[in-house]
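User: Please take a close look at the site where the ligand is held. Where does the ligand lie, and which parts of the protein surround it?

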Amino acid sequence: MKILWNNKIVDESEVKIDTEDRGYQFGDGIYEVIRIYDGLLYMEEEHLERFWRCAEKIRLTLPFTKEEFSQRLHQFAEEVGIKNGRLYFQVTHGTSKPRFHAFPEPQKVMPVLTADIQETSRPLEKLSKGIKGGFVPDKRWLHCDIKSISLLGNILALNEAQENGYDDAILVRDGFVTEASSSNLWMVKDGVIYTHPDGELILPGITKIKVRELAKDLGIELVEEPFTKERLADADECFKTSSVAEVMPIISIDGKNIGDGTPGTITKQLQAAYIEAIEKSVKKM
Ligand code: DCS
């Protein structure tokens, strides 16, 4: 497998990451996942903007401009040649010796970046049948807006949901639903869509930006306000969104059906509009 390692495209066997890398030692880094459809890096600009915003939040100075990085990613995608996949990239604060918790001074260390592309097909069966959710307490930290590589909170939640026989965790903090373990979460009640507002309690999803646009185009009212788990349990429809899951119906929570236990009408409308938007972008390429 080919890896983009800092400025070089190399075979994975050539990559050397220091055991003192702050990503490895402290989880001190951020990452992004971009879906590639027919060779198109979908919503690349928005993903890069979030990456730069997150870098700033962890006081990490990226050693290239967005334009330079974008060019590098395109060159990498071309060389790898996977037309439908997931592009992952992560950057850490690099190696600072001796080991010390505080952030290193930018001029003393070099951030370390790697990227890889994995072939992926769309989760068609789940998209048409929907998945099962289970409520799990949201015990993550209070910087969920940072796309941190420290994912233990999310992993523990997903694991707990799966141990209970569900596909994904629906996270609940102080009685209010925040998001799913690696997706934003939405419900529909009486024709209105609800989702948690952006802020420090959730990751501001790039798919969320697109779904906002699509709801507007379809003339469906969207309210961004926190809702309780009881309101969600009583909703007509539920779905989650992410670059990988797209618009994914959630048909039951804690074993209780949402609506009639099949993907809802508005969810299906948004799914279709999402695919149409991708196809349009691919054609424009
Ligand atoms: N919330 C969390 C906690 C996430 O990890 C993600 C993305 C989202 C919301 C949705 O964001 P996007 O719409 O920008 O994808 N998680 C990525 C991941 O780690 N795997 O799949 C997508």
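Analyst: The ligand lies between domain 1 (2-119) and domain 2 (124-283), because both domains give residues to the shell around it; the domain bounds come from an automatic or database domain assignment. This is a predicted model, in which local features need pLDDT of at least 70 and side-chain atom pairs count only at pLDDT 80 or more, while totals for chains, interfaces and linings use all residues. Residues are numbered from 1 along each chain as its sequence is written, and side-chain values use heavy atoms, with hydrogens and water left out.

The space taken by the ligand is the largest pocket. On a 1 Å grid over the protein atoms alone, a pocket is an open set of points with protein on both sides within 12 Å along at least five of seven lines; a molecule sits in a pocket if more than half of its atoms lie within 2 Å of the grid points.

Strand 3 (29-37), helix 2 (44-57), helix 6 (206-218) and strand 14 (237-242) each supply at least two residues of the shell. Helices (H or I, at least four residues) and strands (E, at least two) are DSSP runs, numbered from the N terminus.

Of the 20 residues around the ligand, meaning those with a heavy atom within 4 Å of it, Y31, E179, I206, T207 and S243 come nearest. By class, the shell has five nonpolar, eleven polar and four charged residues. Here Ala, Val, Leu, Ile, Met, Phe, Trp, Tyr, Cys and Pro count as nonpolar, Asp, Glu, Lys and Arg as charged, and the others, Gly among them, as polar.

Individual polar contacts, which are pairs of N or O atoms within 3.5 Å, can now be described. A polar side-chain atom of Y31 is 2.7 Å from a ligand oxygen atom, and one of T207 is 2.6 Å from an oxygen atom of the ligand. S182 instead uses a backbone N or O atom, which lies 3.3 Å from a nitrogen atom of the ligand. The protein covers 92% of the 470 Å² of accessible area (Shrake-Rupley method, 1.4 Å probe) that the ligand has on its own.

How values were computed:
Polar contact = N/O pair within 3.5 Å; in protein donor to acceptor, adjacent residues only side chain to side chain. 1 Å grid on protein atoms, 1.4 Å probe; cavity = no way out; pocket = protein on both sides within 12 Å on 5 of 7 lines; lining within 4 Å.
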